[in-house]
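Trainee: Got a minute to go through a model with me? I'd like to start with the loops and then see where we get to.

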Amino acid sequence: MKIAYDEALKGIGDGDGGPFGAVIVKDGELIAKSHNKVLKSKDPTSHAEVNVIREASKKLESFNLEEVVLYTTCKPCPMCLGAIFWARIKTVYYGADENDAAKAGFDDKVFYEMIEGKKESLKLIQMDYEETSKLFDKFLQKSNHEIY
């Protein structure tokens with residue numbers, strides 16, 4: 001967690017983004033470290049957890065990170081949780097929580113409330129189902145399709 005903390009401080013000091021740092025470890029070895037780079041990259045998905053997952057996947061040459069442990073300075077936002085689920089990471093240690101993030105003006109808590117149905121959320125409107133659902137059939141017809 002100390003390395004994740006130091007990454008967060010680096011990001012704050014460099015003006016890269018919010019006070020968030022993350023580290024991925026495998027078998028006790030540091031695989032990747034990163035911090036929030038939303039302001040630097042002008043990319044709203046450039047959160048510490050997403051960045052460190054990208055770096056670890058590249059280094060380990062795998063999209064499946066089930067063997068790693070992620071340390072992050074704050075409870076992952078819903079987007080980062082999605083990335084963690086897709087990466088198959090099974091253990092996450094975090095420091096601060098969504099209440100701390102809310103005090104600093106970040107929307108993590110609001111997003112969690114939207115998921116819980118406590119706040120108005122975005123509208124999800126399905127369209128073109130007949131055509132788009134056929135894409136999955138086309139994918140499954142490929143002899144070399146790989147599920148992830």
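Mentor: Fine. Bear in mind that this is a predicted model. Start with Glu61, which counts as exposed at 74% relative accessibility.

Trainee: Where does Glu61 lie?

Mentor: Glu61 is in the loop between α3 and β3, the latter being residues 69–74.

Trainee: And what about the phi of Glu61?

Mentor: Phi is positive there, about 55 degrees, although Glu61 is not a glycine. As background, most residues other than glycine have a negative phi.

Trainee: OK, Lys42 next. What is its phi near?

Mentor: Lys42 has a phi near 60 degrees, a positive value, and Lys42 is not a glycine either. The residue sits in the loop between α2 and α3, where α3 covers 48–60.

Trainee: Is Lys42 buried or exposed?

Mentor: Exposed, with a relative accessible area of 70%.

Trainee: Changing topic. How many disulfides does a search of the whole structure find?

Mentor: Zero. Cys74, for one, is in no disulfide, and the nearest cysteine sulfur, in Cys77, is 9.0 Å away.

Trainee: Then which cysteine sulfur is closest to that of Cys77?

Mentor: The one in Cys80, at 3.7 Å. That is too far for a bond, because a disulfide here needs the two sulfur atoms within 2.5 Å.

Trainee: Is Cys77 buried or exposed?

Mentor: Cys77 counts as buried, at 7% relative accessibility. Cys74 is buried as well, with a relative accessible area of 4%. Both values fall under the 20% cut-off for that label.

Trainee: Now pockets. What volume does the largest pocket have?

Mentor: About 260 Å³. The lining of this pocket comes from 17 residues.

Trainee: Which of them lie nearest its centre?

Mentor: Phe20, Asn36, His47, Phe106 and Asp108.

Trainee: And which helices supply at least two residues of the lining?

Mentor: Helices α2, residues 38–41, and α6, residues 108–115, each do that.

Trainee: Last one, the surface. Which residues make the nonpolar patch?

Mentor: Tyr5, Leu9 and Ile12 make a nonpolar surface patch of about 300 Å². Leu9 is found in helix α1, which covers residues 2–14.

Trainee: How does Leu9 count for accessibility, buried or exposed or in between?

Mentor: Partly exposed, at 45% relative accessibility. The exposed label needs over 50%, so Leu9 does not get it.

Technical notes. Residues are numbered from 1 along each chain as its sequence is written. This is a predicted model: local features need pLDDT of at least 70, side-chain atom pairs count only at pLDDT 80 or more; totals for chains, interfaces and linings use all residues. Side-chain values use heavy atoms; hydrogens and water are left out. Buried means under 20% relative accessible area, exposed over 50%, partly exposed in between (1.4 Å probe, protein chains only). Patches are made of residues with over 30% relative accessible area and no salt bridge: like charges are joined within 9 Å, nonpolar side chains (Val, Leu, Ile, Met, Phe, Trp, Tyr) within 5 Å. Accessible areas come from the Shrake-Rupley method with a 1.4 Å probe; for residues, only the protein chains shown count as cover. A salt bridge is a side-chain nitrogen of Lys or Arg within 4 Å of a carboxyl oxygen of Asp or Glu. Helices (H or I, at least four residues) and strands (E, at least two) are DSSP runs, numbered from the N terminus. On a 1 Å grid over the protein atoms alone, a cavity is a set of points where a 1.4 Å probe fits but cannot get out, and a pocket is an open set with protein on both sides within 12 Å along at least five of seven lines; lining residues have an atom within 4 Å of a point. Grid points are joined across faces, edges and corners, and a volume is the space filled by probe spheres set on the points.
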